[in-house]
Structure formats: structure tokens, C-alpha cells
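Q: Please give me a close look at one part of this model, its strand pairing, and then add what can be said of one further helix.

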Amino acid sequence: MPSRRTVLAATAGVTAGLTVGNSAYAFGSDGKHADGKNTADKKLRSLISRMTLEEKVGQLFVMRVYGHSATAPDQADIDANLEEIGVRTAAELIARYRVGGIIYFTWAHNTRDPRQIAELSNGIQKASLDQPRGLPVLIATDQEHGAVCRIGTPAALFPGAMAMAAGGSRVDARALGRISGAELRAMGVRQDYSPDADVNVNPANPIIGVRSFGADPDAVGALVAAEVQGYQDAGVAATAKHFPGHGDTAVDSHTGFPVITHSRELWEKLDAVPFRAAVEAGIDSIMTAHLQFPALDDSGDPATLSHPILTGILRGELGYDGVVVTDSLGMEGVRTKYGDDRVPVLALQAGVDQLLNPPTLDVAWNAVLNAVRDGELTEARLDESILRVLRLKSRLGLLDRPYVNAKDVDRVVGTARHLAVADRIAERTTTLLVNEGGLLPLSRRTHGRVLVVGADPASPSGTTGPPTGVLATALTELGFTATALATGTAPSDATIDKALAAAQGVDAVVVGTYNVTAGSGQQRLVEQLVATGRPVVAVAVRNPYDIAQLPTVRACLASYSWTDVELRAAARVIAGRVAPRGRLPVPVQRADDPAQVLYPIGHGLTY
């Protein structure tokens, strides 16, 4: 690894005069300390003036790349890179396209373990700084916790957003951001695409759901602001998403083109509230949504490509001058109306600063380059976005200290204290929705033998689960004799029969449910288990709306996600080691009459 002196030299003296204390940028996004900002901007503009047009174009892109190493990935990852990007390694990607950012994914094999992640980050930084006029790379990932998590154990994993909202504690939300941010920074990740600022008012939302803090815009805004403050206190850029709001859609923008039908007035009262809170909290970056919002822009363009939405509303009305990053440009929602060569150009014209993960980088990169050469985009427009990106890199300390230390990884990531905090926070989120006859907590004396059945959805990070096994192990550690039998998200009649036979030899059954629908195998499984006369406890391991489809269960908990930390907390509640404290952050409608509320926001039992 180059010495700090070499790194500073590689940044062409830009950091001289920028560093104040431990911060490389002595002002926040609220515009305070204007003199410091003007001085810093002057130096950053000088840096921009020395960049070639190709280097400027590269700074605007944040790209995926396969492999655990920047220079020596596995052959399968080399092959994937050649097929999708036309390069072999992350180092070659940087050399060819001079990208300003890289995004880590589990499926791209970037996130095997904390030490490897730190080494990959350092390799990426070295590859960039070794280039003429090389700049540090802003490395990002989606570490939302809960249902979306790219970096797994041994890093500390926390409850997801809806679970955090069930706990209702801004202190806990800020602690999550502070601890997760410290761990990300130790591994070289300086931008987190979190928190989700969408207000989830549609139970059928297929892509947001439990990733949202709930249906109350003020509560969502308060928790968004707290998490933002935590991450940014730790020196990691938080990212509020998906502007102007993705909480009321029944279409997944990964595979379709959603339309939000809210009026402008409703948007102001509902969707806008958390984003305003994020801006007021000094949010470093905001991610756009690939959806139509006719009340804000009736052109039919997705918000990502909308000048009225991004420049007129986000920058003009909300007063935001930080970095705007697109959601992935490989998603169908942004590709439906325009080709892949038009999308990046239109996004920049709309007011975007970072172009995330285009399906074919060569097409997108050359489209922007040619748009400048042909006069469709001005170089000054590129400079405007590059300045915002460089301000952020400077504020995060990247221009001064782009490398991470392996000793910090061991000292910071997944410490006993961090894991204990995550467990305690999770205990405050588990929500008891039904408890007929005081079935819970289960007694080891009367219900000592427990069968755990249910769905085993894949681990978000690839490092947790399976849920039935985690629940059974946790209950066994709490003094029960628990066995696990995975029955899946769509159990067949044969699988249900196997579960019924296993239930004959136990005192109680715990069923992990996952997005139960009317007439589904999961619903039949629960109904038939209840009919055996054995006490049945349902644990909704994703959406709390499952309870509306399970009218016969005597007890039901909502854990809001199926990762270990949330399931262990649910087990402790079932066993009575802790009392349930969570409260619903969304209403649950009746299954037979969705216009009627079965359980309102704030519902939650205890003992």
C-alpha cells in the first residue's frame, strides 16, 4: 500500500488547505461556514479544470464489478466482467473508464468477509490513484439492514426499517447508523444507499414494504433523520431513497414502470415529509425513483429523468444541493421509454450527479461523452455534478485518507459490543399482535417440546438463517426442546401432512410465515395445524399483514424480517425472556374488507 505521503501527492495537492481537524471539509450541506466552502470549492474547481473530458465523464459513473480482489479475482468473475463490462478486473475498469464510484454486491462476490472487503477497497483506491490525475473512488453499497443487506456476518446486522419503526426510538435509529457506519467505513465503504425514506401506504407494494419505516410520514421522517445523523456522524454518506417517493405502488420498478397517482397536495403531506426531514438533517445524497408521478411532471418521464422533479422540486423547492444519484440504470422502470444510450444523458439534463450501474457501461459512458462533444450537454454541466461529487469525497475524508487499515477492521467490525447493541435494539422491535388466552409467553414446563415450521427465504446477505433453524436453535438455547421442519413459502399437501405428523409429538408449534395470501399453502398449513389442537404461534417474518390471513391462530408476532437478529429477539419474546414492546408502524386491513382496519398503527400487546 502506498504511504500517506504518496497518496497526498497523487491527489495533486488538492487537500492542502482543506483539512480542518478530522474533517476534510469544514462545512455541512446546510451551507454554513461559507468562507471555508468557497476556499475549498476553488481548489476543487482547480482540480476539475485539469481533468480531461473522458476523466470528467468517468467521475459521474458508479459501476458494479465482479470479484473479491481489484486485481486478481476468480476466473468466473473475470469471465463475468469480460462479458458484461469488457474488462477483466476492477483495476482495468478504473483504468479504462475512470469511474468515480463502485458499488458492492453480494452476488458480485465483493463482500466475502470484512478483511477481504477492506483489501478490495484498498485495491480499488490504489488502482485509481495510480492513474494520471487519479482520484479516490467513492465506494458504495446497499446496507439497509433487514431485508436488504450486502455485507453479512461477522459484521453487526440490525433490524430493518419497519422493525426499527416498530421500536419507535430515534436513539436506536441513530445508534444503528453510527455503528453500521463505523463498520462500513472501516471496510472502505463510504456511501450507504440507506435509509429508505418511502412512506409505505400500500400493503401490496412488492418492492418497498418492510424496507420502509412505515405509513406515518412524520414518524418516517423522524427515523430517517436520526439514521442519517448516525451514519454521517460515523463519516459515511447516507442516501435517502427513492425520491419523490416509492411507497404507494403495486409495481416493482426493477421489472416494470410504476405510476404514482397521488395529487400534489397529498405528495406534500405524505411522500415529501421524510425527504424534507433528510434535507434538514444534512443528508449527503438522495437517490431517485424510476417511476412516473404525473402530479409532479405530466410528461410521462420517470422521475430519474425529470427536470421538473429533480431540479425544480428537489433542488429548487426543497433547497437540496447535495449529490443526486440514480437508482440502478439497469432497472426496467428507467428503460421503458428511452434506450440505454439516452437514459444517462437525460438523467444529467434532469439534474442527476451520479449515474448508477448502467446495464452496459460502454454504451452509457460514450453516450455522455458524445453528448458533450455534440453540444447536447455542456462541459460546464458536467463540472457542476463533478464538483458536488468531489465535495462529498472531500467531506468524507477520501482526498486525505483513501485507504483503510486492516487493524481497524478487526477493532471495529462485528465487535461484541456492536452485536449486543443490535440484539438489544431488536428486542424493542418485536410486535405482539394477538395473544388469546395468554398463550404467550410459552412455559418450558407446559410447552417444553416445540416444533418450528415455516418458510425459509434466502438470507439477504447470504450469511444468516435458515429462519426455521435459527428460531429452533434460539428456543433450544432458552431451555425448550425445539426441532425445525422447513415447509417453504408454498407448502404442498404432502409437506403439510409431514408437518401435521411432526406436530403430534410436541406441546406447541411455531410457524414462520412469509407474505401469506388467501388460499395459499401457507394459510392451509396454519389452519390445519390449529385444527390439531396444538397451540400455534405464528411469527410473520416479513410483512405484518400476514395476520389478516390467519384468523384462527391464538398468538401472532411480527418480526418484520427473517434475519437472525430479529428472529432471536422473537424467540426471546416467545420464551418470556423479554416482554414485547413493538408497535405497528403500518395499519393491517381486514382480509375480507380491505377498507376496514383490523389493527391500527400503534397496535401492540405486551406482558
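A: Strand β8 (residues 285-288) runs parallel to β9 and is joined to β9 by three bridges; strands are DSSP runs of E of at least two residues, helices runs of H or I of at least four, both numbered from the N terminus. The model is predicted: local features need pLDDT of at least 70, side-chain atom pairs count only at pLDDT 80 or more, and totals for chains, interfaces and linings use all residues. Residues are numbered from 1 along each chain as its sequence is written, and side-chain values use heavy atoms, without hydrogens and water.

Within this pairing (at least two DSSP bridges between two strands), M287 stands opposite V325 of β9. The strands belong to an open, three-stranded sheet with parallel pairing, in the order β7-β8-β9. Its edges are β7 (239-243) and β9 (323-325), each paired on one side only. From one strand to the next, the twist averages 25°. Helix α11 (residues 272-280) packs on the sheet and touches β7 and β8, contact being heavy atoms within 4.5 Å. The direction of α11 makes about 150° with that of β7; axes are lines fitted to C-alpha atoms, for helices over the stretch in contact, with angles from 0 to 180 degrees between N-to-C directions.

The further helix is α15 (residues 361-373). The end C-alpha atoms of α15 are 18 Å apart, in agreement with the 18 Å expected because its 13 residues should advance 1.5 Å each, counted over one less than the number of residues. Buried residues of α15 (under 20% relative accessible area, 1.4 Å probe, protein chains only) include L361, W365 and V372. The buried residues of α15 pack against elements including α3 (53-59), β1 (61-63) and α16 (379-395). Just after α15, G375 adopts a positive phi of about 90°.

Notes
Buried means under 20% relative accessible area, exposed over 50%, partly exposed in between (1.4 Å probe, protein chains only).
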